[in-house]
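Subject: A structure for you to explore

Hello,

I am passing a structure on to you, and I hope you enjoy looking through it. Please open it first, and keep it beside you as you read on.

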Amino acid sequence: MSARSVDVVLVKAGRTKIRYPAEVLSDDGTLLTVRAAWAGEGVRDFGFVRFEPGDVFTEHYGRDRWYSVKEVRAADGTLKGWYCDITRPAEVTAAEVVVEDLDLDLWVSADRTRVLRLDEDEFAASGLADRDPAAAARAVEALDALEARARQGSALR
């Protein structure tokens with residue numbers, strides 16, 4: 001029996017930002033976990049981490065939470081860290097998982113010495129706080145909670 005696959009679809013500002021295939025590892029009806037290869041073009045160097053061909057992402061999407069967590073490993077299996085996207089709760093069907101990116105992100109290095117809040121300027125400029133204050137509040141709460149978990153050494157997923 002072959003593994004089930006889905007397309008992961010990241011939507012931002014009403015348009016598809018990226019779509020890529022992923023293998024379903026588990027789905028308990030609330031939390032979907034998939035594995036995917038780095039889907040970007042070539043190498044993306046953020047300064048604090050490099051995503052590159054061969055990297056493997058184990059991604060956790062909740063139907064009931066405002067974030068997704070991507071554990072990032074190099075091709076040799078070395079843990080690079082966790083990239084956390086603040087999103088609306090995932091919409092999961094048999095064929096795809098769709099998440100709406102709300103601009104805020106968190107990076108946690110493998111050794112947890114670097115916990116970085118990212119793109120707060122993009123979030124402020126997005127106008128979400130004016131258009132949908134409740135969603136903006138949930139996004140900030142999710143970022144704060146993930147940051148606290150990362151700094152406490154709690155599991156990220």
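Below is a walk through what was found, one region at a time.

Before you start, please keep in mind that this is a predicted model.

**Strand β1 and its partners**

Let's begin with strand β1, which covers residues 5-12. Is it enclosed or open to the outside? Six of its eight residues are buried, so β1 is largely enclosed by the rest of the structure.

β1 pairs with strand β2 (residues 15-27) in the antiparallel sense, over eight bridges. If you would like to find one of these pairs on screen, look for Asp7, whose bridge partner in β2 is Pro21. The two strands form a hairpin with two residues between them.

β1 also pairs with strand β10 (residues 96-109), this time in the parallel sense and over five bridges. Here you can look for Leu10, which stands opposite Val99 in β10.

**Two residues with a positive phi**

Ala13 lies in the loop between β1 and β2. Its phi is near 55 degrees, a positive value in a residue other than glycine. Ala13 has 76% relative accessibility, and therefore counts as exposed, the cut-off being over 50%.

Asp119 is another one to visit, in the loop between β11 and α1 (120-126). Phi of Asp119 is near 65 degrees, again positive in a residue other than glycine. With a relative accessibility of 25%, Asp119 counts as partly exposed.

**The nonpolar cores**

Which residues touch the most other members of the largest nonpolar core? That core has 21 residues, and the ones to look for are Val69, Ile86, Leu106, Val108, Leu146 and Leu156. At least two residues of this core come from each of β7 (67-73), β8 (79-87), β10 and α3 (133-152). Of these, α3 gives the most, with seven residues.

There is also a second, separate core of 13 residues, which includes Val6, Leu10, Ala22 and Ala90. You have met Leu10 already, opposite Val99.

Val108 is a good place to zoom in on the largest core. Leaving out residues up to four places away in sequence, Val108 touches Gly81, Trp82, Arg114, Val115, Ala150 and Leu156.

**Residues brought together from apart in the chain**

Ala110 sits in the loop between β10 and β11 (115-118). Ala110 and Gly81 are 29 residues apart in sequence, yet their C-alpha atoms are 4.1 Å apart in space. Not counting residues up to four places away in sequence, Ala110 touches Leu79, Lys80, Gly81 and Trp82. At 30% relative accessibility, Ala110 counts as partly exposed.

Phe48 is in the loop between β4 (44-45) and β5 (50-51). Phe48 and Trp107 are 59 residues apart along the chain, and 8.6 Å separates their C-alpha atoms. With residues up to four places away in sequence left out, Phe48 touches Trp107, Arg114, Leu116 and Leu118.

Leu32 lies in strand β3. Is Leu32 buried or exposed? Its relative accessibility is 0%, so Leu32 counts as buried. Its C-alpha atom is 5.1 Å from that of Tyr61, which is 29 residues away in sequence. Beyond its neighbours within four places in sequence, Leu32 is in contact with several residues, including Val24, Glu59, Tyr61, Val92 and Val97.

Thr58, in strand β6, counts as buried at 13% relative accessibility. Its contacts, again leaving aside neighbours within four places in sequence, include Leu25, Val34, Val69 and Glu71.

**The largest pocket**

The largest pocket has a volume of about 570 Å³. Which residues lie nearest its centre? Of the 29 residues that line the pocket, these are Leu10, Lys17, Trp38, Arg44 and Tyr83. The elements giving two or more residues to the lining are β1, β2, β3 (31-37), β6 (56-62), β8 and β10. Strand β10 gives the most, with four residues.

**What the record says**

UniProt lists residues 41-152 as "domain: DUF402", in an unreviewed entry. In the model, this span is 28% helix and 42% strand, and its end C-alpha atoms lie 34 Å apart.

Happy exploring, and best wishes!

Methods
Residues are numbered from 1 along each chain as its sequence is written. This is a predicted model: local features need pLDDT of at least 70, side-chain atom pairs count only at pLDDT 80 or more; totals for chains, interfaces and linings use all residues. Side-chain values use heavy atoms; hydrogens and water are left out. Buried means under 20% relative accessible area, exposed over 50%, partly exposed in between (1.4 Å probe, protein chains only). Two strands pair if DSSP finds at least two bridges between them. A nonpolar core is a set of buried Ala, Val, Leu, Ile, Met, Phe, Trp, Tyr and Cys residues joined through side-chain atoms within 4.5 Å. Contact means heavy atoms within 4.5 Å. UniProt positions are given in the numbering used here, feature names are shortened, and annotations may be inferred rather than shown by experiment. On a 1 Å grid over the protein atoms alone, a cavity is a set of points where a 1.4 Å probe fits but cannot get out, and a pocket is an open set with protein on both sides within 12 Å along at least five of seven lines; lining residues have an atom within 4 Å of a point. Grid points are joined across faces, edges and corners, and a volume is the space filled by probe spheres set on the points.
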